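Notebook open, coffee poured. I want to go through this fold piece by piece and jot down what I look up.

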Amino acid sequence: MSSYTLEMFIEDCREKISRGRLPADCVEMIAPSMFQLLNGDTSFLQPQHFRDDPVHYARNAIFIDENDTMSLFALVWLPGQWTPIHDHGTWGVVGVFEGTLEERNFIRTDGHRSDALEGIELVRGGVILLSAGAVTSFVPNPDHIHITGNADPQRRVVSLHLYGRTMAGFHTYDKEAGTREWIEASYNES
Ligand SMILES: [Fe+2]
């Protein structure tokens with residue numbers, strides 16, 4: 001079993017973020033670290049990181065950097081729980097700890113400014129199934145737009161999400177109305 005710890009991961013991320021000029025640099029350097037963390041000693045995950053919510057997927061904070069450069073959450077998805085259509089406003093690296101996380105992508109086709117709140121046209125894109133141990137990532141500008149969730153009728157999904165800022169909110173989309181709005185993102189403290 002790898003002795004790569006959460007503390008080592010956080011330190012690696014700090015160092016890589018300091019070297020990363022672009023979001024794509026950050027995710028390219030950090031994705032292997034997330035893979036190592038997930039596929040090693042995961043005893044840093046404590047019972048509070050597995051809290052779920054019968055109403056919607058649960059966000060449990062693991063680490064939030066005080067200088068707003070990164071935040072790490074354990075998300076717990078009960079069967080049938082999904083996000084709304086959303087973007088992130090930053091880069092992110094996601095790894096699956098348990099179960100199979102599904103991602104369904106959307107592509108913007110309206111050609112308006114990326115910060116427009118109306119007149120947004122989305123078409124459905126590809127689907128990705130991520131099983132335990134797998135890592136994916138995204139970068140902004142243009143925004144990465146998707147829904148993520150658990151299509152399994154019986155098993156929960158637990159995934160780790162590292163973002164390049166404190167994730168206090170994000171934009172959600174109404175595909176039919178062609179609109180986009182900011183919502184606050186609540187989470188359970190670690
Ligand atoms: Fe997302």
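What follows are my entries on the sheet, the helices, the core and a few odd backbone spots.

**Entry 1: what I am looking at.** Note to self: this is a predicted model.

**Entry 2: the sheet.** I started with the strand order. I found an open sheet of five strands, ordered 1-2-8-3-6, with antiparallel pairing. Which strands stand at the edges? Strand 1 and strand 6 do; each has a single partner strand, so one side of each is left without a neighbour in the sheet. I also looked up the twist: neighbouring strands are turned by 20° against each other on average, direction ignored.

**Entry 3: the pairings, one at a time.** I went through three of the pairs.
- Strand 2 (71–77) and strand 8 (157–163) run antiparallel over seven bridges. I picked out one register point here: Trp77 has Val157 in strand 8 as its bridge partner.
- Strand 3 (92–98) and strand 8 pair over six bridges, again in the antiparallel sense. Val96 is bridged to Ser159 of strand 8.
- Strand 3 and strand 6 (135–138) have four bridges, antiparallel as well. Gly95 sits opposite Val135 in strand 6.

**Entry 4: strand 3.** Is strand 3 mostly covered or mostly open? I get mostly covered, with six of its seven residues buried.

**Entry 5: helix 2 on the sheet.** I checked what lies against the sheet. Helix 2 packs on it and touches strand 3, strand 6 and strand 8. The direction of helix 2 makes about 15° with that of strand 3.

**Entry 6: the helix pair.** Next I looked at how helix 1 (residues 6–19) and helix 2 (residues 23–38) pack: the angle is about 170° and the axes are 9 Å apart. Why do I call them roughly antiparallel? Because angles over 145 degrees count as roughly antiparallel, helix 1 and helix 2 get that label. For the contact itself I wrote down Phe9, Asp12, Cys13, Lys16 and Ile17 on the helix 1 side, meeting Cys26, Met29, Ile30, Ser33 and Leu37 of helix 2. By type, the residues of this contact split into seven nonpolar, one polar and two charged.

**Entry 7: the core.** How many residues does the largest nonpolar core have? I find 31, and the ones with the most contacts inside it are Ile30, Met34, Leu75, Val76, Val93, Leu160 and Leu162. Helix 1, helix 2, strand 2, strand 3, strand 6 and strand 8 each give two or more residues to this core. Ile30 turns up twice in my notes, in the helix contact and in this list. I then followed Leu75: leaving out residues up to four places away in sequence, Leu75 touches Tyr57, Ala58, Arg59, Ser159 and His161.

**Entry 8: odd backbone spots.** I finished with the loops. The peptide bond from Asn141 to Pro142 is cis, with omega near 5°. Pro142 is in the loop between strand 6 and strand 7 (145–149), and Asn141 is found in the loop between those two strands as well. Asn141 also has a positive phi, near 60°, and is not a glycine. Buried or exposed? Asn141 counts as exposed, with 12 C-beta neighbours inside 10 Å.

I noted another positive phi at Asp68, about 65°, also in a non-glycine residue. Asp68 is in the loop between strand 1 (58–64) and strand 2. Asp68 is exposed too, with 11 other C-beta atoms within 10 Å.

Technical notes:
Residues are numbered from 1 along each chain as its sequence is written. This is a predicted model: local features need pLDDT of at least 70, side-chain atom pairs count only at pLDDT 80 or more; totals for chains, interfaces and linings use all residues. Axes are lines fitted to C-alpha atoms, for helices over the stretch in contact, and angles run from 0 to 180 degrees between N-to-C directions. Angles under 35 degrees count as roughly parallel, over 145 as roughly antiparallel, 65 to 115 as roughly perpendicular and the rest as oblique. Two residues are in contact if their C-beta atoms, placed from the backbone, lie within 7 Å. Ala, Val, Leu, Ile, Met, Phe, Trp, Tyr, Cys and Pro count as nonpolar, Asp, Glu, Lys and Arg as charged, and the others, Gly among them, as polar. A nonpolar core is a set of buried Ala, Val, Leu, Ile, Met, Phe, Trp, Tyr and Cys residues joined through C-beta atoms within 7 Å. A residue is buried if 20 or more other C-beta atoms lie within 10 Å of its own, exposed if 12 or fewer, and partly exposed in between; C-beta atoms are placed from the backbone. Two strands pair if DSSP finds at least two bridges between them.
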